[in-house]
Amino acid sequence: MASGLSRRQLLAGAGAFSLLPCDAAPAVAREREYDVPFVPTPHLLVQRMLDLAGVGPSDFLIDLGCGDGRIAVAAGRRGARALGVDLDPLRIQEAFASARIAGVEERVNFRIQDLFRTPIFEASVVALYLLPHINLQLRPRLLTELRPGSRIVSHAFNMGDWRADREDMLDGRRIFLWIVPAVADGEWILSDGRGETYQLTLEQRFQDVTGAMTGGGRVRDIRDAVLSGTRFAFTIDGDSGPLVYRGIIGDAAIEADPASANSGWRAIRST
Ligand SMILES: C[S@@+](CC[C@H](N)C(=O)[O-])C[C@H]1O[C@@H](n2cnc3c(N)ncnc32)[C@H](O)[C@@H]1O
């Protein structure tokens with residue numbers, strides 16, 4: 001898929017691509033075919049990306065535009081399963097060779113494939129080193145196809161107004177982490193476990209949630225709402241002081257965290 005950007009624009013517009021690619025000539029020749037040129041992430045930064053995303057043996061990482069496969073191979077060395085996709089057959093050949101040398105070929109695979117056509121729903125971690133507009137093109141799919149709680153780690157480029165949950169920097173290069181938020185937005189009926197029910201109205205913009213709880217003749221705004229994957233917490237200022245609600249959001253219900261002090265409540269989605 002051609003982006004319409006020239007290589008000069010890419011290098012000038014993207015500080016992170018200020019290093020020339022290892023094989024500049026072939027990349028220039030292919031610039032019309034590919035959305036992003038091959039510029040590898042330095043190995044130390046790869047480790048930082050995996051640290052930031054907390055990649056471990058229970059993960060399945062997909063690197064969209066994997067180049068020589070170094071992120072997927074490094075994930076494999078941590079015991080994770082991984083898949084790298086790239087349009088460049090030469091890169092995929094290098095990636096397979098590198099997985100063999102690392103002894104991770106049983107759990108790390110590569111595919112010549114357009115990243116826009118790669119199914120991502122099975123990934124627990126998606127790695128990106130692309131361009132700002134490509135991240136934005138991918139954003140709706142990342143938000144809807146990945147399971148809540150999945151992580152996205154990006155070298156250099158953010159996701160527009162989807163604020164990163166965490167950021168890190170190494171040698172002047174930035175990395176960003178997002179945790180796919182559950183859908184909190186909508187109307188919920190909250191039973192407090194003491195015989196009272198309330199209407200909980202939540203408004204959500206990515207992981208930022210605001211809202212109000214209505215009941216007992218009062219409307220109270222929620223405050224200090226934190227949504228991280230499926231984990232959701234907020235505070236209501238009640239007559240006898242602040243009350244913290246901690247729970248796990250599912251499709252149809254928010255279940256209270258049994259370990260929290262306020263654990264008897266449950267909310268059912270009404271819209
Ligand atoms: C900046 S490099 C990143 C390589 C690797 N992820 C890393 O961080 O070291 C981007 C890679 O995306 C690949 N690419 C560009 N457009 C693509 C597309 N539409 N589908 C799959 N790969 C693509 C390029 O061939 C290149 O290897």
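**Entry 1, terms and model.** I count two strands as paired if DSSP finds at least two bridges between them. The model I am reading is a predicted one.

**Entry 2, the hairpins.** I began with strand 12, residues 223–228, and strand 13, residues 231–238, and found that they pair in the antiparallel sense over four bridges. I then looked up Ser228, whose bridge partner in strand 13 is Arg231. The hairpin formed by these two strands has two residues between them, and in it I noted Gly229, which takes a positive phi near 65°. Moving on along the chain, I found that strand 13 also pairs with strand 14, residues 241–249, again in the antiparallel sense, and that this pairing runs over eight bridges. The link from strand 13 to strand 14 is a hairpin as well, made through two residues. I came back to Arg231 here, for which the bridge partner in strand 14 is Ile248; Arg231 is thus bridged to Ser228 and to Ile248.

**Entry 3, the ligand.** I next listed the surroundings of the ligand, which has 21 residues around it, with Asp35, Thr41, Gly65, Asp86 and Leu115 coming nearest. Sorted by class, this shell holds twelve nonpolar, four polar and five charged residues. For polar contacts, I found an oxygen atom of the ligand 2.6 Å from a side-chain N or O atom of Asp86. A nitrogen atom of the ligand lies 3.1 Å from an N or O atom in the side chain of Asp63, and for Asp114 I read 3.1 Å between a polar side-chain atom and a nitrogen atom of the ligand. Taken alone, the ligand exposes 600 Å², and I note that the protein buries 100% of that area.

**Entry 4, the largest pocket.** I then turned to the pockets, where the largest has a volume of about 270 Å³. Its lining consists of 15 residues, and those that lie nearest the centre are Leu143, Pro148, Pro181, Ala182 and Val183. Helix 6, residues 132–145, gives the most to this lining, with three residues. By class I recorded nine nonpolar, four polar and two charged residues in the lining of the largest pocket.

**Entry 5, the second largest pocket.** For the second largest pocket I noted about 180 Å³ of space and a lining of 14 residues, with Phe60, Ile62, Leu83, Arg111 and Glu122 nearest the centre. The elements that give two or more residues to this lining are strand 1 (60–64), strand 2 (81–86) and strand 3 (108–112). Its classes come out as eight nonpolar, one polar and five charged residues.

Methods:
Residues numbered from 1 in each chain as written. Predicted model: local features only at pLDDT ≥ 70, side-chain atom pairs only at ≥ 80, totals over all residues. Heavy atoms only, no water. Near = heavy atom within 4 Å. Polar contact = N/O pair within 3.5 Å; in protein donor to acceptor, adjacent residues only side chain to side chain. Areas by Shrake-Rupley, 256 points an atom, 1.4 Å probe, with all protein chains shown as cover. Nonpolar A, V, L, I, M, F, W, Y, C, P; charged D, E, K, R; others polar. 1 Å grid on protein atoms, 1.4 Å probe; cavity = no way out; pocket = protein on both sides within 12 Å on 5 of 7 lines; lining within 4 Å. Points joined across faces, edges and corners; volume = space filled by probe spheres on them.
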